[in-house]
Amino acid sequence: MKNAYLCDLLERVKQRNAGEPEFIQAVTEVLETLEPVADRRQDLVDAGVFERFVEPERQIIFRVPWMDDKGTVHVNRGYRIQFNSAIGPYKGGLRLRDNVNLSIIKFLGFEQVLKNSLTTLPMGGGKGGSDFDPKGKSDAEVMRFCQSFMNELYRHIGADCDVPAGDIGTGAREIGFLFGQYKRLTNQFTGVLTGKGIPYGGSLARTQATGFGLCYFTKEMLAAAGESFAGQRVIVSGSGNVAIYAVQKATELGAKVIAMSDSNGYIYDENGIDLNWVKQLKEVERARISRYTEKHPEASYTEGSRGIWSIPCDIALPCATQNEIDGESAALLAKNGCYAVAEGANMPSTPEAIEVYFANKMLYGPAKAANAGGVATSGLEMSQNSMRLSWSFDEVDEKLHGIMQGIFAACKAAAEEYGMPGNYMAGANIAGFLKVAEAMKAQGCV
Ligand code: NDP
């Protein structure tokens, strides 16, 4: 990066947020790609938009005490980062996982601002969560945790202020417990959370949206390069919400998905993944992916999730977690013939991995564009709640499809306009930023 103003800003971000590597990683990537914007738009520099853009509007950290089934008290830490509300109420998921910390929630909130802008819906960006992992806990323990979490969070959120949703570890069960407690505390039935169950205000197709949306985006990216999913060998990491529906849609679009994983290891099935069995294991039994081979002894299970990237494939869809593909894994993918990577997870590729993609002229669909279908459909859930009506599955899916086509077109156009054709990472950052930046400038120094 040559722009002196941005270099200085990045230095200040590093100093002010020392000890937050994920947040610094995300800001570095974005500022680097915004260099041509800073060069052209002195008005945004003068209005302090870049400085304000990298500083969250509000950061809330709180104690979450809860009691396990044996009567032992545990204390977790809760977070809600309200990053930017220039174009709408804060919006973004709640992550429940033992490794959650301020850096991870801030990087996710920062990315969310750009992602939500790309959807074209009126949503600002935020993110939250806790270092509590629902894995291995009873339903009653998860409920007590969620109720305690909401006992603090409820005073900071609202349908027109901040609308949380699911993320890693926060699925339909957790959203239900959180919503129930919010309603009880406020005596209001509003669309304060998305990802709700269908009987109480959820949107059809929200469960499928991130995975389906990822494939709709990838379809556009492939088509622009004269390719398609038909007959392609695809690897999908993870076996959670995003991964499962990415496998389903990629298969419907003609691909053969040959591998999936969880945080312990990966399965490889040359005949194509049996998704119904994975759904039974993961969605119903909450079991480990290693049990896949019980029904498919011809498939293999290998300990260690990173090994999944050593399987030769045409297209890789990382759908598990941040930094799951490092430079070495990316080099292996490229060497084995993979020509396209599209991100279902948030920031799954390290900066070194992204360098490998560009050096090998691979197609690269960055998370904030490729996985925006989830939050876009959350936006549609908010609209349905406000209008007090519900759309059919096909109506929502059709809107989602249109939004993902629009996101790809916006990334492509911005990349071309700023002299980086085919660089959808730069295109996504620039297109997402400009809308928020114009709104921030118009609203004055706030
Ligand atoms: P889930 O909790 O449903 O699933 C996460 C999956 O990733 C699980 O299979 C988990 O395995 C696996 N996993 C976690 N850590 C690792 C690891 N280090 N190596 C390999 N596998 C791992 O979460 P989601 O599917 O909702 O989210 C996945 C990603 O997608 C996250 O980055 C999230 O931020 C992002 N995302 C999600 C959206 C949504 O709508 N849900 C929207 C946009 C982005 P295990 O069971 O062992 O924990």
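Colleague: How much space lies in the second largest pocket?

Modeller: About 480 Å³ in this predicted model. Of the 24 residues lining that pocket, the closest to its centre are Met 382, Ser 383, Gln 384, Asn 385 and Ser 386.

Colleague: What makes up the lining of that pocket, by class?

Modeller: The lining has 11 nonpolar, 10 polar and 3 charged residues.

Colleague: Happy with that. Now the ligand: which residues are the closest to it?

Modeller: Asp 167, Thr 210, Ser 263, Arg 288 and Asn 346, out of 26 that surround the ligand. By class, this shell divides into 5 nonpolar, 12 polar and 9 charged residues.

Colleague: Why do you say that the ligand lies between domain 2 and domain 3?

Modeller: Because domain 2 (56-189) and domain 3 (207-361) both give residues to the shell around the ligand. Among the helices, α9 (206-224) and α10 (241-252) each supply at least two residues of that shell.

Colleague: What makes the pair between Val 242 and the ligand a polar contact?

Modeller: A backbone N or O atom of Val 242 lies 2.9 Å from an oxygen atom of the ligand. The cut-off is within 3.5 Å for N or O atoms, so the pair counts.

Colleague: And which ligand atom does the side chain of Ser 305 meet?

Modeller: An N or O atom in the side chain of Ser 305 is 3.2 Å from a nitrogen atom of the ligand, so that pair also falls within 3.5 Å.

Colleague: How much of the ligand's area does the protein bury?

Modeller: The protein buries 86% of the 890 Å² that the ligand exposes when taken alone.

Conventions: Residues numbered from 1 in each chain as written. Predicted model: local features only at pLDDT ≥ 70, side-chain atom pairs only at ≥ 80, totals over all residues. Heavy atoms only, no water. Near = heavy atom within 4 Å. Polar contact = N/O pair within 3.5 Å; in protein donor to acceptor, adjacent residues only side chain to side chain. Areas by Shrake-Rupley, 256 points an atom, 1.4 Å probe, with all protein chains shown as cover. Helix = DSSP H or I, 4+ residues; strand = E, 2+ residues; numbered from the N terminus. Nonpolar A, V, L, I, M, F, W, Y, C, P; charged D, E, K, R; others polar. Domains from an automatic or database assignment. 1 Å grid on protein atoms, 1.4 Å probe; cavity = no way out; pocket = protein on both sides within 12 Å on 5 of 7 lines; lining within 4 Å. Points joined across faces, edges and corners; volume = space filled by probe spheres on them.
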